[in-house]
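Colleague: I would like to learn how to read a model of a complex. Please take me through the domains, the interface and the confidence scores.

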Amino acid sequence: MTNSSRPAPSVVVRDLQIRYGGHTAIEDLDLEIRRGEFLVLLGPSGCGKSTLLNAIAGLLDVSGGEISISGKDVTFAEPKDRGIGMVFQSYALYPRMSVAENLSFGLRMNGVPKGEIARRVEKASRMLQLDPLLQRKPAELSGGQRQRVAIGRALVREVDVFLFDEPLSNLDAKLRAELRVEIKRLHQSLGNTMIYVTHDQIEALTLADRIAVMKGGVIQQLAPPIEVYQRPVNRFVAAFIGSPAMSFFDGRLDGDVFVLGQVRIPLSGYAFADGSRDPGAPVTLGVRPEHVSVAGAASGYAFDGRVAVVEPMGADTLLWTELGGQPMSVRVDGERVFEVGQTLRFTFDPARLSVFDAATGERV
Amino acid sequence: MRAAASAPVPTGTPVARPRRPIAGRVALYAALAVAALFFITPLYIMTVTSLKSMDEIRQGGIFALPASPSLKAWTAAWSEACTGLKCTGISDGFFNSLRILVPSVALSIVLGAVTGYALSHRRIRGGNVLFAALLLGAFMPYQVFIYPLVRLFSAVGIYGSLAGIVLVHVIFGLPVMTLLFRNYYSSLPVDLFKAARVDGAGFWQIFFYVVLPMSTPALVVAAILQITGIWNDFILGLVFAGRDNLPMTVLLNNVVNSSQGEKLYNVNMAATILTALLPLAVYFLSGRWFVRGIAAGGVKG
């Protein structure tokens, strides 16, 4: 994947602006995607992630800025001339064509010689196990098979960049997990650049080399999954990533101590962001459920809490307790048995917390 | 429902079955029967009258079955009845109507499909304005346009010709055809068009390879609308077709309203049925599609 010594970016987006009528969907967006990178655009619906993908695909007119793919300025190029293949959420297979015809349609439209078409279709159908389906019509396929055909249609184009627009959202949970692995395997064997839009954080965390978390047409954080998960740059990212969700506590800082009503939590070991911070500023403390343990770690902050709700989830169990009068969830081993009303000693390590400015939501 | 009603009711367990409102059912079927009778009666009278001789008709009793059914009136209507000065029946009109119908239907559907496609997913500059103008056209009574069109056509030299009447039908068919196809194509998933663009298909390639193969329902409805509409047209044919191309409806009117001699009711009835035969055939052959066509045509009011 990193065999090219010079870091030539695969896709570059500069100062991108997209407006519909009077509404601005994306404003001054910059993004650079490395060769062979798997980049996931993640965000809630309406955050601009699909808009960005469509702009990269050339399916949407941009109002300003520049897009280049593989070193070529394609801002005003037709989709077919951009060196991209695309997979859609609704599969978008041509309903009256067989699977083989669906796969070869783009090649036929572009006058690729017959022998070459046959070779590429054969190769793609072998990679995606489509051989037994080649003569069927899309209506005769299951959802998972349809999406594999759609992926195959992108593969036969033999392009540098693949774009995925929520490809798994129409599938049921089991198939989604299967195809997710298949896409990851595909990326590993092909080494193409892939840009993948989803609102599913699990897909993002499992597939991505880097995740771009978007909100309101702005990339909030662009980082590897682990970093996005462990060090979210703001409260939005922290709340969006992670399931079960992070617990938040609204309090204030007193030096290096987080004050929540009567509770004082020393933040020794927490890596504060650079820059001056107001010592008495109102802040939000974020704690991930799995960073709290029950009478386990000797170090860190400890408190006694009453178990309010027990949610068994199989491998894990989620306990709900309270800290300083605000609800907090704790993830514990699913094999341990807890009862509602029980009082437990909880501990967490301040180094793994997140602290956000209450006004701006930015990490401090 | 039938199966459930005839299923053996377990004895000893008096389960209260939901009662069907029988009175409501009876009223419904009665109303339907009356409505059906209302429309079938004229057809019945026409058919029996066309099979009677004039002597028998003069005796009255329009509901009576013909004493000795004969197809003489039918052959007379087809090839002997007088349409003005000529007495060659309405068969000329049948072939004129066919000559008008085929190109008019084909052209208006093709143009409507392409325009509807262009206005559906393609964002075309001024597309909405064009569509609004077309919609306005669909709601405008076409009688308003007759005089200006006559002047225009005679200036260009196609007034009173086959080309002229075909063009008129295509023009007046375009708003509804465009509306029909635009709505149908707008209901297709937009991703399909995007995928085809990524695959490198252009405007016409997407139309012919992707959109047209999916268009069967819209094409059938459009054909039903246009065939029945154009065949049944009277005034446009009368005004624009010219003496040599008068459609069947105009000749039928000439037969029925000819002022000379005795009114040959049997011939008139036969001629009327003959003229209505093609739309009737379309109706029987297309079945459920016909209803959809009517519903789509309902836009025009």
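Modeller: Start with the domains of chain A. In this predicted model, the C-alpha centres of domain 1 of chain A and domain 2 of chain A are 38 Å apart.

Colleague: Where do domain 1 and domain 2 of chain A begin and end?

Modeller: Domain 1 covers 9-239 and domain 2 covers 244-357 of chain A.

Colleague: How many residues does each domain of chain A give to the contact?

Modeller: Domain 1 of chain A supplies five residues, and domain 2 of chain A supplies six residues. On the domain 1 side, three are nonpolar, one is polar and one is charged.

Colleague: Now the chains. How many residues do chain A and chain B put into their contact?

Modeller: There are 17 residues from chain A and 14 residues from chain B.

Colleague: Which elements of chain A give two or more residues to the side that touches chain B?

Modeller: They are β6 (84-87) and α2 (99-109) of chain A. By class, this side of chain A holds eleven nonpolar, four polar and two charged residues.

Colleague: What ipTM and pTM does the predictor give the complex?

Modeller: The ipTM is 0.86, and the pTM is 0.82.

Colleague: And what is the average pLDDT of chain B?

Modeller: The average for chain B is 86, with 89% of the residues scoring at least 70.

Colleague: Where in chain B does pLDDT stay under 50?

Modeller: The general idea is that coordinates should not be read in detail where pLDDT is low. In chain B, this score stays under 50 over residues 1-7, and the model shows zero contacts beyond four places in sequence for them.

Methods: Residues numbered from 1 in each chain as written. Chains lettered and ligands numbered in written order. Predicted model: local features only at pLDDT ≥ 70, side-chain atom pairs only at ≥ 80, totals over all residues. pLDDT = per-residue confidence, 0-100. Contact = placed C-beta atoms within 7 Å. Helix = DSSP H or I, 4+ residues; strand = E, 2+ residues; numbered from the N terminus. Nonpolar A, V, L, I, M, F, W, Y, C, P; charged D, E, K, R; others polar. Domains from an automatic or database assignment.
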